[in-house]
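Here's a model to look through together, with a few questions to get you going. Take a look first, then read on.

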Amino acid sequence: MLTAAHGGPALAVTVITALLALRGGLQPFHAIAVTAAVFTGQLTIGWGNDLLDLARDRAVGRADKPLAVGSLPAGWVARALAVAAVSCFVLSALVGWRSALVNIVLATGAGHAYNHGLKATRWSWAPYACGFGTLPSVVTLAGPAPGWAPWWMTGAGAALGVGAHLLNVLPDLADDERTGVRGLPHRIGEHRSRVLAAVLLTAASVLAVAGPAGSPPAWTWMALALVAVLAVLTLCARGRAPFRAAVTIALLDVALLTAG
Ligand SMILES: CC(C)=CCC/C(C)=C/CC/C(C)=C/COP(=O)(O)OP(=O)(O)O
């Protein structure tokens with residue numbers, strides 16, 4: 001079930017949310033509720049994606065998809081998706097309508113817009129920019145003094161999200177072309193996608209270091225150096241490794257974003 005829910009990325013987004021909530025001064029109840037709300041939203045996106053892509057994934061013989069290989073019944077996934085969706089609504093409501101609206105419409109909603117068609121257009125990057133860009137605000141709007149996250153945090157999140165999208169699609173470029181899925185990475189090609197991803201990921205890190213007021217502490221420069229190494233990995237590695245490097249950069253960025 002976790003594989004069909006795109007468990008790796010879903011857990012990475014959940015950990016990011018939890019860290020943002022911990023450092024954002026949220027009360028434990030609100031921190032747990034907003035993290036669980038984002039997690040359940042992610043589950044609906046992941047399961048919805050594999051249900052919608054079932055015929056396409058079968059056609060290209062995706063061995064990494066339990067639904068496509070038949071080891072997981074579609075009915076189970078549909079029922080789990082419904083439970084996750086209801087849970088997401090209830091948990092989101094617990095932290096207030098502002099955070100709930102941004103999580104359900106802009107963050108989780110962006111994922112479903114991607115699944116329902118944007119992934120096959122030149123706008124495939126937009127749901128990632130929207131989902132990851134608004135994630136910090138889902139947390140800050142659930143905080144003791146509800147408000148939008150600062151612009152540099154939003155910008156860093158959006159840049160990270162688009163970078164992760166470009167990298168995530170790279171290993172599936174050939175399969176997607178065969179089934180008619182042509183998002184931004186398919187249109188600009190593998191090399192330019194890789195370069196653009198590295199640039200965006202590095203830009204996100206720079207924003208996270210330079211954005212907060214005051215001079216950045218010394219450890220953030222070391223983190224930036226590590227980000228540079230990981231960005232190079234996104235240019236040179238193959239398969240899923242670039243996506244994992246991007247997730248690692250995302251976690252490093254959360255440390256940078258929340259340490260100030
Ligand atoms: C809150 C937040 C951070 C929201 C994220 C928004 C967003 C656009 C999520 C999409 C996640 C997803 C299922 C990607 C893989 O699909 P795919 O069909 O491209 O790849 P696959 O063929 O490997 O399943």
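A polar contact here is a pair of N or O atoms within 3.5 Å. Keep in mind that this is a predicted model.

Q: How far is an oxygen atom of the ligand from an N or O atom in the side chain of aspartate 53?
A: Polar contacts are pairs of N or O atoms within 3.5 Å. The aspartate 53 side chain offers such an atom to a ligand oxygen, and the gap is 3.2 Å.

Q: What share of the ligand's accessible area does the protein cover?
A: On its own, the ligand has 640 Å² of accessible area. With the protein around it, the covered share comes to 93%.

Q: Which elements give two or more residues to the shell around the ligand?
A: The shell residues split into 7 nonpolar, 6 polar and 7 charged. Two or more of them come from each of α2 (28-52), α6 (97-115) and α7.

Q: How far is a polar side-chain atom of asparagine 49 from an oxygen atom of the ligand?
A: Asn49 is among the residues that come nearest to the ligand, along with His6, Lys65, Tyr114 and Lys119. From its polar side-chain atom to a ligand oxygen, the distance is 3.0 Å.

Q: At what angle do helix α7 and helix α8 pack?
A: Helix α7 covers residues 126-140 and helix α8 covers residues 151-169, with axes 7 Å apart. Their crossing is right-handed. The packing angle is about 140 degrees.

Q: How many residues of the contact of α7 with α8 are charged?
A: On the α7 side the contact includes Tyr128 and Phe132, and on the α8 side it includes Met153 and His165. The contact residues divide into 7 nonpolar and 6 polar, and the number charged is no residues.

Terms used: Residues numbered from 1 in each chain as written. Predicted model: local features only at pLDDT ≥ 70, side-chain atom pairs only at ≥ 80, totals over all residues. Heavy atoms only, no water. Axes fitted to C-alpha atoms, helices over the stretch in contact; angles between N-to-C directions. Helix = DSSP H or I, 4+ residues; strand = E, 2+ residues; numbered from the N terminus. Left-handed = near helix turned anticlockwise from the far one by under 90°. Contact = heavy atoms within 4.5 Å. Nonpolar A, V, L, I, M, F, W, Y, C, P; charged D, E, K, R; others polar. Near = heavy atom within 4 Å. Polar contact = N/O pair within 3.5 Å; in protein donor to acceptor, adjacent residues only side chain to side chain. Areas by Shrake-Rupley, 256 points an atom, 1.4 Å probe, with all protein chains shown as cover.
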